[in-house]
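Student: I have a model open and want to test the labels put on it. Can we go through them one by one?

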Amino acid sequence: MVKPSGLYRNVISTGWGLVAAVWSDTGLWELGFPRPDERLAANDIRTQDAMRLEDGHKARLWSEQLAGDLKLYFQGFQISFSVPVDWRFYSLFQTAVLRYTADIPYGTTVSYQAVAQAIDRPRAVRAVGGALHNNRTPLVVPCHRVVGANGRLTGFGGGIDMKQALLLLESGDSL
């Protein structure tokens with residue numbers, strides 16, 4: 001994976017487990033899924049060579065902001081994540097897909113076909129799936145809100161059970 005230099009990582013505690021985050025100088029580079037322990041959270045991210053987040057680095061403030069957002073999110077509050085995302089090193093197509101996905105409202109699902117149509121690439125349904133597969137910042141860029149035809153739950157880096165749990169959380173239904 002191509003990446004910028006000077007990445008910093010930390011682990012954020014949430015109501016659903018520990019989430020690893022990686023920060024660049026411009027925002028959130030990568031985010032994992034909630035895991036039961038720090039080792040699994042760290043293994044969940046692709047960027048293993050990032051430095052530990054140091055006091056004073058501007059990413060520390062973003063991390064605190066994200067921790068607050070994640071706390072509210074996993075408590076079932078309808079929020080919009082407020083941290084900046086580092087969009088670098090995605091292709092133009094991937095960026096279009098991911099930026100559209102970032103704006104899908106809480107509690108809403110759209111189909112891969114709808115995403116393809118929204119970005120003026122109606123025949124690129126499979127490519128939309130590929131772009132979402134490369135999403136480095138799930139939850140903040142809520143690719144779990146993109147579903148297959150007829151609402152079918154398909155492909156998700158955190159697993160279909162996690163996708164279903166996130167959608168249930170956002171629907172207000174209990175697990």
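Student: How do you know that the span of α6 agrees with 1.5 Å a residue?

Tutor: This is a predicted model, so every value comes from its coordinates. The 12 residues of α6 should span 16 Å at that rise, and the end C-alpha atoms are 16 Å apart, so the two agree.

Student: Which residues of α6 are buried?

Tutor: They are Met162, Lys163, Ala165, Leu166, Leu167, Leu169 and Glu170. These buried residues pack against α2, α4 and β6. After α6 comes Gly172, with a positive phi near 85°.

Student: What makes the length of α2 fit the expected value?

Tutor: Helix α2 covers residues 59–74, which is 16 residues. From first C-alpha to last it reaches 22 Å, close to the 22 Å expected at 1.5 Å a residue.

Student: Why are the buried residues of α2 said to line one face?

Tutor: Start with the list: Ala59, Trp62, Ser63, Leu66, Asp69, Leu70, Tyr73 and Phe74. Seen down the axis of α2, these buried residues fall within an arc of 125°, so they line one face of the helix.

Student: Which exposed residues does the face of α2 turned away from its buried side carry?

Tutor: That face carries Leu61 and Lys71.

Student: What covers the buried residues of α2?

Tutor: The cover includes β1 (8–14), β2 (17–23), β3 (28–31) and α6 (160–171). Past the helix, α2 is followed by Gly76, whose phi is positive, near 95°.

Student: Now the packing of α3 and α5. Why are α3 and α5 called roughly perpendicular?

Tutor: Two packed helices are described by the angle between their axes and the distance between the axes. The axes of α3 and α5 come within 9 Å and cross at roughly 80°. The range for roughly perpendicular is 65 to 115 degrees. The pair α3 and α5 therefore earns that label.

Student: Which residues meet in the contact of α3 with α5?

Tutor: From α3 come Phe93, Gln94, Val97, Leu98 and Thr101. From α5 come Ala127, Val128, Ala131 and Leu132. Sorted by type, the contact of α3 with α5 has 7 nonpolar, 2 polar and no charged residues.

Student: Which residues of α3 are buried, and what covers them?

Tutor: In α3 (residues 92–102) the buried ones are Phe93, Gln94, Thr95, Val97, Leu98 and Thr101. Their cover includes α4 (112–118), α5 (125–133) and β6 (146–147).

Student: Why is Gly130 called partly exposed?

Tutor: Gly130 sits in helix α5. Buried needs under 20% and exposed needs over 50%. At a relative accessible area of 30%, Gly130 falls in between, so it is partly exposed. The C-alpha atoms of Gly130 and Val146 are 12 Å apart, with their positions 16 residues apart along the chain.

Student: Where is Asp120, and what makes it exposed?

Tutor: Asp120 is in the loop between α4 and α5. Its relative accessibility is 66%, and the exposed cut-off is over 50%, so Asp120 counts as exposed.

Student: What is the phi of Asp120?

Tutor: Asp120 has a positive phi of about 60° although it is not a glycine. Most residues other than glycine have a negative phi.

Student: And Leu139: what makes it buried?

Tutor: Leu139 has a relative accessible area of 1%, under the 20% limit, so it is buried. Leu139 lies in the loop between α5 and β6. Its phi is positive too, about 80°, although Leu139 is not a glycine.

Student: How do you know that Thr137 is buried?

Tutor: Thr137 has a relative accessible area of 1%, and buried means under 20%, so the label holds. Thr137 is placed in the loop between α5 and β6. Leaving aside neighbours within four places in sequence, Thr137 is in contact with Leu28, Trp29, Glu30, Leu31, Val85 and Tyr90.

Student: Last one. Why is Val19 called buried?

Tutor: Val19, in strand β2, has a relative accessible area of 0%, which is under 20%, so Val19 is buried. Beyond residues up to four places away in sequence, Val19 touches Asn10, Val11, Ile12, Thr14, Leu31, Gly32, Phe33, Pro34 and Ala41. The C-alpha atoms of Val19 and Gly32 are separated by 5.5 Å, though the two are 13 residues apart along the chain.

Key: Residues are numbered from 1 along each chain as its sequence is written. This is a predicted model: local features need pLDDT of at least 70, side-chain atom pairs count only at pLDDT 80 or more; totals for chains, interfaces and linings use all residues. Side-chain values use heavy atoms; hydrogens and water are left out. Buried means under 20% relative accessible area, exposed over 50%, partly exposed in between (1.4 Å probe, protein chains only). Helices (H or I, at least four residues) and strands (E, at least two) are DSSP runs, numbered from the N terminus. Contact means heavy atoms within 4.5 Å. The expected span of a helix is 1.5 Å times one less than its number of residues. The arc is that of the directions from the helix axis to the C-beta atoms. Axes are lines fitted to C-alpha atoms, for helices over the stretch in contact, and angles run from 0 to 180 degrees between N-to-C directions. Angles under 35 degrees count as roughly parallel, over 145 as roughly antiparallel, 65 to 115 as roughly perpendicular and the rest as oblique. Ala, Val, Leu, Ile, Met, Phe, Trp, Tyr, Cys and Pro count as nonpolar, Asp, Glu, Lys and Arg as charged, and the others, Gly among them, as polar.
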